[in-house]
Amino acid sequence: AMLALIYFQSFKGGMPHIDHATALKGLTDVSLLHMHAGSTRDVVEFTHALTHSLEARSLHGNVPLWQEPAIESFLQVAFKFITVNLHLASAFDVAMAAGSAAAAWQLMESLRDSTQ
């Protein structure tokens, strides 16, 4: 989650020569393998950083993250995990989860069922 937050800050800071999209996609692949062993906070923080970086484009192919099938699959699983474990979350985690859903909702119509 912390690496994703660092990439998110770097992406928002306008560092054009870093391939934020590829880095976040790689972190997403690894995170999916470990999600169910993680805490609600870790999943919320990672999902928050990822959803607020969905417009990042790969330097190779220029495809935005929100169009990557692996990102869509991860977010479906992450939102289901968050929903099931929301009772374990702090108020801050709930607010971050809501912000994540709002960010994804705008770009990824296919996720709307998993964010309800």
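**Core and helix packing in an all-helix chain**

Among the 24 residues that make up the largest nonpolar core, those touching the most other members are L50, L54, L65, F74 and L75. At least two residues of this core come from each of helix 2 (20-34), helix 3 (40-51), helix 4 (69-85) and helix 5. Helix 4 provides the largest share, with 7 residues. The model described here is predicted.

**Overall fold**
- The chain contains 5 helices and 0 strands, and its pattern along the sequence reads α-α-α-α-α.
- Of the contacts in the chain with a separation of 6 or more, 72% are between residues 24 or more positions apart.

**Burial and surface**
- Buried residues account for 41% of the 116 residues of the chain.
- The chain has an accessible surface of about 6400 Å², and carbon and sulfur atoms contribute 60% of that area.

**Surroundings of F74**
- Residues up to four places away in sequence aside, F74 touches T28, S31, L32, M35, F46, T47 and L50.
- One of these partners, L50, is listed with F74 among the core residues that touch the most other members.

**Surroundings of S100**
- S100 lies in helix 5, which spans residues 91-107.
- S100 counts as buried because its relative accessibility is 0%, and the cut-off for burial is under 20%.
- Apart from neighbours within four places in sequence, the contacts of S100 are V44, T47, H48, T51, H52 and F79.
- T47 is a contact of S100 and is also touched by F74.

Methods:
Residues numbered from 1 in each chain as written. Predicted model: local features only at pLDDT ≥ 70, side-chain atom pairs only at ≥ 80, totals over all residues. Heavy atoms only, no water. Helix = DSSP H or I, 4+ residues; strand = E, 2+ residues; numbered from the N terminus. Buried < 20%, exposed > 50% of the residue type's maximum accessible area, 1.4 Å probe, protein only. Contact = heavy atoms within 4.5 Å. Core = buried A, V, L, I, M, F, W, Y, C linked by side-chain atoms within 4.5 Å. Areas by Shrake-Rupley, 256 points an atom, 1.4 Å probe, with all protein chains shown as cover.
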